[in-house]
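User: Could you take a close look at one part of this protein for me? I would like to see how the open sheet is put together and how charged side chains tie in around it.

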Amino acid sequence: HGRKVVVVRARSGHLSALDHFCYHHGGPLDTGDIEDLNGRECIRCPWHGYRIDLHTGEGVYEAMDGSLKSKGHKQRVHSVRQEGDDLLIRLNRDQRPLPSDEYY
């Protein structure tokens with residue numbers, strides 16, 4: 001379908017699949033760092049440091065007061081599961097447009 005997806009396994013062991021290109025300016029998330037941000041597993045875009053929740057696709061940031069804030073759903077998240085040595089990915093076909101769709 002021409003959609004490039006990045007699959008990551010967070011420290012918790014949870015597998016996540018997201019659109020490969022960051023919603024902000026198309027940075028390659030396959031080279032992003034995995035971080036814990038106030039208990040949320042996130043990937044950090046290597047280009048501009050934007051953080052994306054691995055479970056929801058929300059853009060998240062830490063406010064000046066230390067609280068966690070959401071920019072809303074920005075990144076398309078896909079279903080992924082492991083069967084033996086295989087990873088099975090089901091693309092999210094929700095018709096609601098998301099900013100990460102711009103790169104496809």
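Analyst: Happy to help; what follows walks through the open sheet, strand by strand, and then turns to the salt bridges. Please keep in mind that this is a predicted model.

Let's begin with the sheet itself. It is open and has 4 strands, paired antiparallel in the order β1-β2-β8-β9. At its edges lie β1 (5-9) and β9 (86-90), each of which pairs on one side only. From one strand to the next, the twist averages 30°. As background, strands of a sheet pair through backbone hydrogen bonds, either parallel or antiparallel.

Now for the individual pairings. β1 and β2 run antiparallel and are joined by 5 bridges. Within that pairing, Val5 sits opposite Asp19 of β2. The hairpin formed by β1 and β2 has 5 residues between the strands, and Gly13 adopts a positive phi near 95° there. On to the next pair: β2 (residues 15-19) and β8 (residues 77-83) are antiparallel too, with 2 bridges between them. Ala17 has His78 in β8 as its bridge partner. How much of β2 is buried? Of its 5 residues, 5 are buried, so the strand is mostly covered.

The nonpolar side of the picture comes next. The largest nonpolar core has 12 residues, among them Val6, Val8, Leu18 and Val77. Ala10 also belongs to this core. Beyond its neighbours within four places in sequence, Ala10 touches Ile34, Glu41 and Leu54. In soluble globular proteins, nonpolar side chains tend to be buried together.

With the sheet in place, we can follow the charges. The structure holds 9 salt bridges. One of them joins Arg3 and Asp101, whose closest N and O atoms are 2.6 Å apart. This pair links distant parts of the chain, since Arg3 is in the segment before β1 and Asp101 in the segment after β9, 98 residues apart. Arg3 is partly exposed at a relative accessible area of 26%, whereas Asp101, at 19%, is buried. The two also belong to a salt-bridge network together with Asp19 and Arg76. Asp19 is the residue that Val5 faces across the β1 and β2 pairing.

Two further salt bridges involve other strands. Arg51 pairs with Glu35, with 2.8 Å between the closest N and O atoms. Because Arg51 lies in strand β5 (residues 51-53) and Glu35 in strand β3, the pair ties together parts that are 16 residues apart in sequence. Strand β3 spans residues 33-37, and Arg51 is buried, with a relative accessible area of 18%. Apart from neighbours within four places in sequence, Glu35 is in contact with several residues, including Arg11, Arg40, Arg44 and Arg51.

Arg40 brings us to the other pair: it forms a salt bridge with Glu58, and the closest N and O atoms are 2.5 Å apart. Arg40 lies in strand β4 (residues 40-44) and Glu58 in strand β6 (residues 58-62), so this pair ties together parts that are 18 residues apart in sequence. Arg40 is partly exposed, with a relative accessible area of 22%, while Glu58 counts as buried at 14%. Side chains of opposite charge can pair when their charged atoms come close.

Terms used. Residues numbered from 1 in each chain as written. Predicted model: local features only at pLDDT ≥ 70, side-chain atom pairs only at ≥ 80, totals over all residues. Heavy atoms only, no water. Pairing = 2+ DSSP bridges. Axes fitted to C-alpha atoms, helices over the stretch in contact; angles between N-to-C directions. Contact = heavy atoms within 4.5 Å. Core = buried A, V, L, I, M, F, W, Y, C linked by side-chain atoms within 4.5 Å. Buried < 20%, exposed > 50% of the residue type's maximum accessible area, 1.4 Å probe, protein only. Salt bridge = Lys/Arg side-chain N within 4 Å of Asp/Glu carboxyl O.
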